[in-house]
Amino acid sequence: MEKEEILKLSVKECAEFMNKSQPYIRKGLSNKRFPFGSAVQTKEPTPENPEGNWDYHIPLIPVEQYMGISYEEWLKIKRVWLNYETTF
């Protein structure tokens with residue numbers, strides 16, 4: 001994994017980290033509701049694609065600051081929890 005990829009999150013990763021849906025993250029970024037990340041419309045809406053196409057940039061460190069926990073620490077907690085659930 002390249003260094004640049006480590007320093008940003010995908011929409012899916014961000015949604016899981018924040019315990020929200022992917023559409024919630026996309027809409028929040030496109031409406032500038034978060035103190036991190038950006039959304040850029042790359043293709044205008046059409047009748048066939050009324051939302052258009054969007055590209056998202058979600059930098060890791062500002063999301064970690066927003067959440068109050070590092071992504072790596074959250075992943076460790078998540079792994080422990082998943083192992084705990086499968087034990088019972």
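**Notes on a predicted model with five helices and two strands**

1. Let's start at a turning point: glycine 68, just after helix H4, takes a positive phi of about 80°. Keep in mind throughout that this is a predicted model. The helix that ends before this glycine, H4, spans residues 60-67. Its buried residues are Leu60, Val63 and Glu64. Down the axis of H4 they fall within an arc of 100°, so they line one face of the helix.

2. Glutamate 64 deserves a second look. Is this H4 residue buried or exposed? With a relative accessible area of 17%, glutamate 64 is buried, because the cut-off for that word is under 20%. Leaving out residues up to four places away in sequence, glutamate 64 touches Phe17, Ile69, Ser70, Tyr71 and Glu72. Cysteine 14 is 50 residues away from glutamate 64 in sequence, and the two C-alpha atoms are 9.9 Å apart in space.

3. Now for the overall layout. If you walk along the sequence, you meet the pattern α-α-α-β-β-α-α. That makes five helices and two strands in the protein. Of its 88 residues, 24% count as buried. The protein exposes about 6,800 Å², with carbon and sulfur atoms supplying 53% of that area. Among contacts with a separation of 6 or more, 44% are between residues 24 or more positions apart.

4. What about the interior? The largest nonpolar core has 17 residues, and the members that touch the most others are Leu9, Cys14, Ile25, Phe36 and Ile58. H2, H3, H4 and helix H5 (71-87) are the elements that give two or more residues to this core. H2 provides the largest share, five residues. As general background, nonpolar side chains in soluble globular proteins tend to be buried together.

5. Leucine 9 is a handy place to begin exploring that core. Which residues does leucine 9 touch, not counting those up to four places away in sequence? They are Cys14, Phe17, Ile58, Leu60, Val63 and Tyr71. Two of these, Cys14 and Phe17, are also among the buried residues of H2, while Leu60 and Val63 are among the buried residues of H4.

6. On to H2 itself, residues 11-18. Val11, Cys14, Ala15, Phe17 and Met18 are buried there. Looking down the axis of H2, you find these buried residues within an arc of 165°, so they line one face of the helix. Just after H2 comes asparagine 19, with a positive phi of about 60°.

7. H3, residues 22-30, buries Ile25, Gly28 and Leu29. The arc they cover around the axis is only 95°, which puts them on the same side of H3. What covers them includes helix H2, strand S1 (38-43) and strand S2 (53-57).

8. Both ends of H3 are worth a glance. At the N-terminal end, serine 21 acts as a cap: one of its side-chain oxygens lies 3.1 Å from the backbone nitrogen of tyrosine 24. Just after H3, lysine 32 takes a positive phi of about 55°.

9. How many salt bridges does the structure hold? There is one. It joins the side chains of lysine 78 and glutamate 16, at 3.6 Å from N to O. Since lysine 78 lies in helix H5 and glutamate 16 in helix H2, the pair ties together parts that are 62 residues apart in sequence. Lysine 78 counts as partly exposed, at 30% relative accessibility, and glutamate 16 is partly exposed too, at 35%. In general, side chains of opposite charge can pair when their charged atoms come close.

10. Last stop, the strands. Threonine 42 sits in strand S1 and is exposed, with a relative accessible area of 53%. Setting aside neighbours within four places in sequence, threonine 42 is in contact with Asn53, Trp54 and Asp55. Tryptophan 54 is 12 residues from threonine 42 in sequence, yet their C-alpha atoms are 5.3 Å apart in space.

Methods:
Residues numbered from 1 in each chain as written. Predicted model: local features only at pLDDT ≥ 70, side-chain atom pairs only at ≥ 80, totals over all residues. Heavy atoms only, no water. Buried < 20%, exposed > 50% of the residue type's maximum accessible area, 1.4 Å probe, protein only. Helix = DSSP H or I, 4+ residues; strand = E, 2+ residues; numbered from the N terminus. Arc of directions from axis to C-beta. Contact = heavy atoms within 4.5 Å. Polar contact = N/O pair within 3.5 Å; in protein donor to acceptor, adjacent residues only side chain to side chain. Areas by Shrake-Rupley, 256 points an atom, 1.4 Å probe, with all protein chains shown as cover. Core = buried A, V, L, I, M, F, W, Y, C linked by side-chain atoms within 4.5 Å. Salt bridge = Lys/Arg side-chain N within 4 Å of Asp/Glu carboxyl O.
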